[in-house]
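Visitor: I would like to understand how the terms used for this structure are justified. Could you take me through the reasoning behind them?

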Amino acid sequence: MSDGRFEKIALIGVGLIGSSIAHAARRVGLADRIVGSARTETTIQKALQLGVIDEGFASPAEAANGADLVMLCAPVGICGAIAAEINAANAFRDGAILTDVGSVKAAIVDDVAPHVPAGVHFVPGHPIAGTEQSGPESGFAELFDNRWCILTPPTGCDPAAVSQLKVFWEKLGSFVQTMSPEHHDLVLAITSHVPHLIAFNIVNTAAHLERVTDQEVIKFSAGGFRDFTRIAASDPTMWRDVFLNNKEAVLEMLGRFSEDLTALQRAIRFGDGDTLYRLFSDARMLRRGIVEAGQDTDAPDFGRRVTGASEPNTDE
């Protein structure tokens with residue numbers, strides 16, 4: 001039975017997710033050594049200063065060398081190039097597990113799998129957890145507690161490697177489920193990607209209204225708009241790559257969303273209160289289901305919470 005422990009974990013990227021993995025792994029003793037790489041020396045030094053990593057490298061290949069778990073914690077658009085760099089340097093350890101934390105899975109499989117040598121087990125993953133913050137200082141051990149992590153092992157993947165990674169994520173605090181990359185992308189398109197796209201759009205719409213000043217938008221932001229701005233504060237590089245790499249599923253869900261929005265528009269135009277009440281009641285029940293499942297709390301905060309660093313932005 002796998003215990004989820006690794007001798008050396010290499011985090012390729014030490015931002016919110018990477019640094020949180022390090023904190024959570026140290027909390028339960030899942031690694032003898034944790035190293036990392038980042039694009040800038042400033043980020044590496046910050047991660048070292050905070051105790052996120054034991055050693056830092058500018059090169060992903062240097063960090064991955066000899067690691068029995070390599071985690072790609074970088075934007076999905078560059079994961080293929082990173083895997084190619086590590087492979088070209090012959091830095092993958094035989095028997096190692098290679099995984100990622102990206103919000104898109106089919107594109108990751110297409111981009112990364114060609115650069116995974118024989119003897120290395122590629123098990124793509126996606127922890128459904130995050131905040132709008134970024135950088136190694138934003139990470140915290142509790143980020144994954146009672147959140148879901150989805151694994152999408154490709155056909156022929158070693159079951160023992162999948163089991164080892166599953167136990168690892170469970171010990172980080174997550175619930176774990178496996179599914180195909182394509183199904184993952186369809187599910188996340190409606191639960192995460194389209195909501196983020198709507199948030200980005202509505203915030204920009206408000207900013208461009210000629211008859212409403214910026215000060216009015218800021219001053220009179222009610223809870224709904226305020227929450228949209230929190231989501232819209234997410235990392236633009238990450239979300240650019242998500243939409244470019246999951247375009248088919250996102251466009252399919254946007255089509256469904258547009259149809260349902262048209263139905264709401266018609267109900268408002270023609271004074272159909274019964275339809276509006278029914279649709280709003282159905283949505284309310286779904287919200288109650290999310291709270292009952294422990295994926296959020298119904299405690300009111302009215303924008304006044306000052307210790308809400310762990311509030312999830314499930315887009316990551």
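Guide: A contact here means heavy atoms within 4.5 Å. The model is predicted, and in its protein chain, among contacts between residues at least 6 apart in sequence, 77% join residues at least 24 apart.

Visitor: What makes H11 oblique to H12?

Guide: Helix H11 (residues 247-269) and helix H12 (residues 273-292) pack with their axes 8 Å apart and at an angle of about 140°. Roughly antiparallel would require an angle over 145 degrees, and roughly perpendicular one of 65 to 115, so H11 counts as oblique to H12.

Visitor: Which residues of H11 and H12 meet, and how do they divide into nonpolar, polar and charged?

Guide: From H11 come Leu264, Ala267 and Ile268, which meet Thr275, Leu276, Leu279 and Phe280 of H12. Six of the residues in this contact are nonpolar, one is polar and none is charged. Leu, Ala, Ile and Phe count as nonpolar, whereas Thr is not on that list or among the charged residues and therefore counts as polar.

Visitor: How do you know that strand S1 pairs with strand S4?

Guide: Pairing requires at least two bridges, and four bridges join S1 (residues 6-12) to S4 (residues 69-72), the two strands running parallel. In one of these strands, S4, valine 70 is the bridge partner of alanine 10.

Visitor: Why are S3 and S6 called edge strands?

Guide: The open sheet of six strands has the order S3-S2-S1-S4-S5-S6, with parallel pairing. Strand S3 (55-57) and strand S6 (121-122) each pair on one side only, and they are the edge strands.

How values were computed:
Residues are numbered from 1 along each chain as its sequence is written. This is a predicted model: local features need pLDDT of at least 70, side-chain atom pairs count only at pLDDT 80 or more; totals for chains, interfaces and linings use all residues. Side-chain values use heavy atoms; hydrogens and water are left out. Axes are lines fitted to C-alpha atoms, for helices over the stretch in contact, and angles run from 0 to 180 degrees between N-to-C directions. Angles under 35 degrees count as roughly parallel, over 145 as roughly antiparallel, 65 to 115 as roughly perpendicular and the rest as oblique.
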